[in-house]
Amino acid sequence: MRIKTEVVMNGLKISPKGRVAFVSGANNEIGRALVIALLEEGASKVYAGVQDVKALKELKLEYRNRLFPLLLDMKNDRSIVKVSHMLKDIEILINNAEVCESGGLFSDNSLDSLTINFNLNVRSLLKITTSLLGYLKNKDCAAIVNIVSILGLASMPVAGTYSASKAAAHSITLGIRGELLNTNVLVMGVYPALVHINLAKKLNLNKALPQNIARNIILGLKNGNEYVFPDIMSKQIAELYLTEPVTVEKQFAHFVSEKEVV
Ligand SMILES: NC(=O)c1ccc[n+]([C@@H]2O[C@H](COP(=O)([O-])OP(=O)(O)OC[C@H]3O[C@@H](n4cnc5c(N)ncnc54)[C@H](OP(=O)(O)O)[C@@H]3O)[C@@H](O)[C@H]2O)c1
């Protein structure tokens with residue numbers, strides 16, 4: 001096989017205005033901010049996947065018949081399929097739900113934490129995406145947005161199993177994009193920086209505002225970006241990663257040592 005040096009982007013841009021979107025994990029900070037940002041950008045309908053629909057009571061009162069909270073347990077394939085059947089009009093899929101089981105690769109619970117992180121962050125992400133793909137491909141223009149993490153590009157000692165799951169989510173994002181080349185579907189990977197609240201305090205980092213992360217994802221959709229680094233720290237890491245991936249690897253490895261962590 002000859003590798004071509006010329007890169008052709010698919011050039012798809014999709015503004016949320018008048019579109020139908022779905023966000024998983026819609027009750028947490030980033031998920032909620034995404035729901036609000038999509039509605040404020042004029043999305044005609046936003047389906048919000050949550051484990052407890054009461055969590056969106058106030059937003060439902062505000063956005064009424066443009067917001068549809070849906071009960072979704074991503075650990076359960078039947079729940080994913082049931083919800084997928086309600087999303088025939090979907091145009092923008094945002095895979096935001098996650099679990100974040102801590103655990104270094106040599107910690108006592110590493111295999112359990114690996115399984116939990118992979119089941120939700122990788123398997124369920126792929127399950128819901130494949131369940132919705134037919135509907136997305138049916139539209140004039142559509143998008144799949146996977147909220148990955150900068151830890152999908154380099155691993156952190158305290159979160160080795162989580163990082164591995166996010167690296168797999170990154171790889172799946174690339175794979176989906178490859179398989180959907182020359183289709184109507186924009187495939188975007190989003191790579192926020194690690195902003196764990198305790199680590200942020202310990203390392204004196206500023207926590208990125210979820211509203212800013214959501215705004216940059218919307219901007220990415222409008223610009224047709226396949227990669228979005230949505231906060232200052234992730235942009236800095238991305239810049240370094242593109243030229244010096246090994247430097248990023250070493251910096252992450254030194255960030256925190258196992259015994260410093262809770
Ligand atoms: N926050 C950050 O600094 C940061 C940094 C890098 C990447 N990210 C990525 O950004 C996304 C959002 O992060 P976050 O920190 O805001 O998330 P989070 O606070 O950990 O919330 C996770 C979300 O996923 C939902 N969820 C978990 N298990 C589920 C299940 N079985 N079925 C359905 N939903 C389930 C949770 O619902 P419940 O509340 O009901 O459990 C919650 O809404 C994630 O993909 C994460 O990897 C975040």
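**Exercise 1. Surface and composition**

Task: State what the accessible surface of the protein chain comes to, and what share belongs to carbon and sulfur atoms.

Solution: In this predicted model, the accessible surface of the protein chain comes to about 13800 Å². Carbon and sulfur atoms account for 55% of that surface. As for burial, 48% of the 262 residues in the protein chain are buried. The secondary structure consists of nine helices and seven strands. Contacts may then be considered by sequence separation: of those between residues at least 6 apart in sequence, 70% join residues at least 24 apart.

**Exercise 2. Layout of the sheet**

Task: Determine the strand order of the open sheet, and identify which strands stand at the edges.

Solution: The open sheet contains seven strands in the order 3-2-1-4-5-6-7, and the pairing is parallel. Strand 3 (67–71) and strand 7 (227–228) stand at the edges; each has a single partner strand, so one side of each lacks a neighbour in the sheet. In general, strands of a sheet pair through backbone hydrogen bonds, in either a parallel or an antiparallel sense.

**Exercise 3. The setting of strand 1**

Task: Establish which strands pair with strand 1, and explain why strand 1 is described as largely enclosed.

Solution: Begin with the pairing. Strand 1 is joined to strand 2 (residues 45–50) in the parallel sense over five bridges. Three bridges join strand 1 to strand 4 (residues 92–95), again with parallel strands. Ala 21 illustrates both pairings: Ala 21 stands opposite Val 46 in strand 2 and opposite Ile 92 in strand 4.

Next, consider the side chains. Val 20, Phe 22 and Ser 24 point one way from strand 1, whereas Ala 21 and Val 23 point the other way. Buried here means under 20% relative accessible area. Five of the five residues of strand 1 (residues 20–24) are buried, so the strand is largely enclosed by the rest of the structure.

**Exercise 4. Helices on the sheet**

Task: Describe how helix 1 and helix 4 are placed relative to the strands.

Solution: Take helix 1 (residues 29–40) first: with strand 1 and strand 2, helix 1 makes a right-handed β-α-β unit. Helix 1 lies across strand 1, strand 2, strand 3, strand 4 and strand 5, and runs at about 170 degrees to strand 1.

Helix 4 (residues 110–137) also packs on the sheet, touching strand 1, strand 4, strand 5 and strand 6 (185–190). The direction of helix 4 makes about 175 degrees with that of strand 4. Strand 4 is in turn joined by four bridges to strand 5 (residues 142–147), and the two run parallel. Within that pairing, Asn 95 stands opposite Asn 146 in strand 5.

Conventions. Residues numbered from 1 in each chain as written. Predicted model: local features only at pLDDT ≥ 70, side-chain atom pairs only at ≥ 80, totals over all residues. Heavy atoms only, no water. Buried < 20%, exposed > 50% of the residue type's maximum accessible area, 1.4 Å probe, protein only. Pairing = 2+ DSSP bridges. Right-handed = clockwise from strand over helix to strand, strands pointing away. Contact = heavy atoms within 4.5 Å. Axes fitted to C-alpha atoms, helices over the stretch in contact; angles between N-to-C directions. Areas by Shrake-Rupley, 256 points an atom, 1.4 Å probe, with all protein chains shown as cover.
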